[in-house]
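Welcome! Take a moment to look over the sequence and the model below before reading on.

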Amino acid sequence: MADLYAIIVLMEHLEKAFIRDSITAEEYTPQCANLIAKYKTTLNFLSDSVIDLDTFMNDYKLSCPAAVNRFKIGVPATYEHAIGDNKTDVAKSAKYIAETVLHFITVMDTLRLNRHAVDEIHPILVDLIQSLNNVPGLPADFEGKNKVRQWLITLHSMKASDEITDEQARQLLFEMDQSHTEFYRLLSGEQKNNDSSD
């Protein structure tokens, strides 16, 4: 249990260091991904004695809100938000747009093929959020990012071997299809039709 305690405290310090620009994105990203992996592994080993993160933190009087947030999302902040170099090059823009479309289609096809395991869907959604963040000019409030982020949180709270329900799969497919359509509208400069019903 000491290992889990240390991982949580380390993540809290890492998140704060990143927020304060004490470390660069290049230093932060691999360290954060490493701590997330260690957290998952440690939590699996302690599954008999640790119910969940919130209970553990209450039992040991830990207050690490940044770490809790990062563990719930399950990916570094650099993946979650558009952080990194300026991506104004036209060739790179086309590449990022193509990758984003590819990831939208891949996640929808995966669901249509009834592949509902967390370890099949989660990596595609991580790739999708990274690509969305790389697309220059995409509004920060693009609803598709929020939907992907929420699904990442949901999937991250499950085991890799778990499967989402048929109802969840249908909802995820619906939301990704909507987000893909809205992404296309934004790229083509069309305004969202507010009169349409969802």
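The report below goes from the overall fold to a few single residues.

## Overall fold

Please keep in mind that this is a predicted model. The protein's secondary structure consists of 9 helices and 0 strands. If you follow the chain from the N terminus, the order of elements reads α-α-α-α-α-α-α-α-α.

How far does the C-alpha trace of the protein span along its principal axes? The answer is about 55 × 40 × 30 Å. The radius of gyration of the protein is 18 Å, which agrees with the value near 16 Å for a compact globule, because that is what the rule gives for 198 residues.

## Inside and outside

Of the 198 residues in the protein, 41% are buried. Contacts tell you something about how the chain meets itself: among those with a separation of 6 or more, 72% are between residues 24 or more positions apart.

Turning to the outside, the protein has an accessible surface of about 11,500 Å². Carbon and sulfur atoms account for 51% of that surface. As for charge, there are 19 positive and 30 negative side chains. The centres of these two sets lie 2 Å apart.

## Two cysteines without a bond

How many disulfides does the structure hold? The count is 0. Cysteine 32 takes part in no disulfide, and the nearest cysteine sulfur, belonging to cysteine 64, is 14 Å away.

Why does cysteine 64 not pair with cysteine 32? Their sulfurs are 14 Å apart, which is too far for a bond, because a disulfide calls for sulfur atoms within 2.5 Å. Are these cysteines buried or exposed? Cysteine 32 is buried, since its relative accessible area is 0%, and cysteine 64 is buried too, with a relative accessible area of 6%.

## A look at tyrosine 79

Tyrosine 79 is a good residue to find in the model. Tyrosine 79 sits in helix H5, which covers residues 77-80. With a relative accessibility of 24%, tyrosine 79 counts as partly exposed, because that class lies between the 20% and 50% cut-offs.

Which residues does tyrosine 79 touch, leaving out those up to four places away in sequence? They are Thr29, Val126, Ile129, Gln130 and Asn133. You can also compare tyrosine 79 with leucine 14: the two are 65 residues apart in sequence, and their C-alpha atoms are 15 Å apart in space.

How values were computed. Residues numbered from 1 in each chain as written. Predicted model: local features only at pLDDT ≥ 70, side-chain atom pairs only at ≥ 80, totals over all residues. Heavy atoms only, no water. Helix = DSSP H or I, 4+ residues; strand = E, 2+ residues; numbered from the N terminus. Rg over C-alpha atoms; globule rule 2.2 N^0.38 Å. Buried < 20%, exposed > 50% of the residue type's maximum accessible area, 1.4 Å probe, protein only. Contact = heavy atoms within 4.5 Å. Areas by Shrake-Rupley, 256 points an atom, 1.4 Å probe, with all protein chains shown as cover. Lys, Arg positive; Asp, Glu negative; His and termini not counted. Charge placed at Lys NZ, Arg CZ, Asp CG, Glu CD.
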